[in-house]
Structure formats: structure tokens, C-alpha cells
Amino acid sequence: MTGAALPDTATFSEDGVRLQKVLARAGVGSRRVCEQMIDQGRIEVNGQRVKVQGMRIDPATAVVKVDGMRVMITEDLVHLALNKPRGWQSTMQDEMNRPCVGDLVAERIAAGQRLFHVGRLDAETEGLLLLTNDGELAHRLMHPSYKVRKTYLANVEGMMSRATEREMRAGVELEDGPVEIDEITTVDMNEGSSLVKIVLHEGRKHIVRRLLEHVGHPVTELVRTQIGTVQLGEQRPGTMRVLNRQEVGNLYKEVGL
Ligand code: URA
């Protein structure tokens, strides 16, 4: 099959790279395994199923999916998960020279990488912060219309009652508008305090703290544990890791990219 016979000549390029080689390089499997996947009709390039061997594509422009899941084939796309420590600013630079996320990626920035943080965490909040140089991905992950779920664990003052949980599930009206709560569960209770798991798909400033304060349970500690399907897990504060292929594929899928 020639590039000219296909609709997207910028992507199916005669001087491009063979599809099975691109797939193998992206870590999908050995070339042999990738060829089998092509035979099985599991590979899509720009929305088109490819079942012939030897197709050449332009890795800079092609959108490649395996079993419907996006695979990152351009080596210059970066997706990182950081456990932001308590007391650090979420910004890339801080005009008051306080510790900030930019300090943790200073070498990458110095090497010319332009990284966006996906939303912000308050200085006093610890937990999962995603960083990427894909601006559209960052935008969609933050925008409430894409409904990407962000999970938090909050230690709050007082004993959370079932009635308050129900009240919150029905939605809460704050001074800047209503908040839809995807999930709220009390995980643990101790004398005078409760540990609450709360899931939201928006990121207005101080939203979790304001919500819980509003229902009479001020937050004493807050950690973000998950964004979409990416989990903080056992990652220690101040450490960063590169997201794996599955995690990246899931993020793109969740926001329709
Ligand atoms: N909600 C908050 O109140 N703080 C955060 O850092 C994130 C969500």
C-alpha cells in the first residue's frame, strides 16, 4: 500500500518509519509480536485499522492506538507523576524563592523542556501532581467538562455523619457556585476526627477545604491520591516518576485524545 492511497499522507509517509518498528520502539512488544498484533487487527493509525505489514508512518504526526488505547510514539512527550511535599508551591517558579515544583524539575527545564503542571495543589496539600509538556492533555485533564476524577484523602475535625455524607452527595452550594461531588466516604474515625475520601472532577481553588469547612468539618490534613486512573501509591513526597505506557494511554483515553 502506498502513502498516496491513504487519506492522511502526512502520517502515512513513504519515507516514514515502519509501523512495527515504531510500535516496538514505544515498548509495545518485540517487532515480531507487533507484526502479529497488526495481523490481528489490533493496531489503529489515525483512527484507521491497519492490517498490512510494512506500512510506514510519520511518528511526529501519527496517532497510534493498540486495542483502542493511545501509545506514545514521539519520544519528546513527557508525562511525570510527582508527590508534591507539604509546604511546597505547585508553581514552576516562585517569586519569593520558596521551595516549588520547578526546583524538582530544574534540570529538565534547563535542558529546554517546557513542562505544565496539571492543576495546582495548595502549599499545605501533599500528593499527586502530574507534569507534562503536552499542553492540550494538561488543559483537558483540568477542565471540569472532561470529568476526570481527582481523589483526595482528608483528615477533618469532628465525626462525619452519614447525614452529612448524604447532604454532600446531593451537591453543595459554595459562594462561587455549586459543587458536584462524585464520591464521599468516611474511611476511619477517631476521637474528634475523621478520615474522609472525596472524589471531585473539578479544581477550583481550595475546593476540598472549602467544601468540608462548609459542612462543619475543617480540614487538618489533605493528600491527593489519584488523578483519573493514575495513583500516588507508595511514592514518597518529593519524588517523581515517569508514567508507564498503560497510565499514559488511560489519561489520553479519558480526555478523548
Ligand atoms: N482542594 C483543596 O482545598 N486544596 C488542594 O490543594 C486541592 C484541592
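Reader: Which residue in β17 does Leu80 stand opposite?
Author: This is a predicted model. In it, β7 and strand β17 (residues 240-242) run antiparallel and are joined by three bridges. Leu80 belongs to the β7 side of this pairing, and opposite Leu80 in β17 stands Val242.

Reader: What is the bridge partner of His79 in β9?
Author: Strand β7 also pairs with strand β9 (residues 126-132), in the antiparallel sense. That pairing extends over six bridges. For His79, the bridge partner in β9 is Thr132.

Reader: Why is strand β7 described as largely enclosed by the rest of the structure?
Author: Both faces of β7 are covered. On one side His79, Ala81 and Asn83 are buried, and on the other Leu80, Leu82 and Lys84 are buried. Strand β7 (residues 79-84) is largely enclosed because the number of its six residues that are buried is six.

Reader: Which strands stand at the edges of the open sheet of four strands?
Author: The pairing in this sheet is antiparallel, and the order of its strands is β3-β2-β5-β6. Two of these strands have a single partner strand each, so one side of each is left without a neighbour in the sheet. The edge strands are β3 (48-49) and β6 (69-71).

Reader: What is the bridge partner of Glu44 in β3?
Author: Strand β2 (residues 43-45) pairs with β3 in the antiparallel sense. Two bridges make up that pairing. In β3, Glu44 has as its bridge partner Arg49.

Reader: Which residues of helix α7 are buried?
Author: Helix α7 covers residues 207-214. Its buried residues pack against several elements, including α6 (162-169), β10 (150-157), β14 (193-200) and β15 (219-227). Strands β11 (172-174) and β12 (177-179) are also among those packing partners. The buried residues of α7 are Ile207, Val208, Arg210, Leu211 and Leu212.

Reader: Where is the positive phi of about 90°?
Author: This backbone angle occurs just after α7. The residue that takes the positive phi of about 90° is Gly216.

Reader: Which element supplies the largest share of the largest nonpolar core?
Author: The largest nonpolar core has 29 residues, and those touching the most other members include Met168, Ile198, Val208, Leu211 and Leu212. At least two residues come from each of β7, β9, β10, β11, β14, α7 and β15. The largest share is four residues, and its source is α7.

Reader: How many residues are in the second, separate core?
Author: This core is separate from the one that α7 supplies with four residues. Among the members of the second core are Phe12, Val17, Ile57 and Ile73. The number of residues in this second core is 20.

Reader: Which residues does Leu212 touch, not counting residues up to four places away in sequence?
Author: Leu212 is one of the buried residues of α7. Leu212 is also among the residues that touch the most other members of the largest nonpolar core. With residues up to four places away in sequence left out, Leu212 touches Ala154, Val156, Met160, Met168, His217, Pro218 and Val219.

Reader: What percentage of the residues of the chain count as buried?
Author: The secondary structure of the chain comes to eight helices and 17 strands. About 13,200 Å² of the chain is exposed, with carbon and sulfur atoms supplying 47% of that area. Of the 257 residues, the buried share is 44%.

Notes. Residues are numbered from 1 along each chain as its sequence is written. This is a predicted model: local features need pLDDT of at least 70, side-chain atom pairs count only at pLDDT 80 or more; totals for chains, interfaces and linings use all residues. Side-chain values use heavy atoms; hydrogens and water are left out. Buried means under 20% relative accessible area, exposed over 50%, partly exposed in between (1.4 Å probe, protein chains only). Accessible areas come from the Shrake-Rupley method with a 1.4 Å probe; for residues, only the protein chains shown count as cover. Two strands pair if DSSP finds at least two bridges between them. Contact means heavy atoms within 4.5 Å. A nonpolar core is a set of buried Ala, Val, Leu, Ile, Met, Phe, Trp, Tyr and Cys residues joined through side-chain atoms within 4.5 Å.
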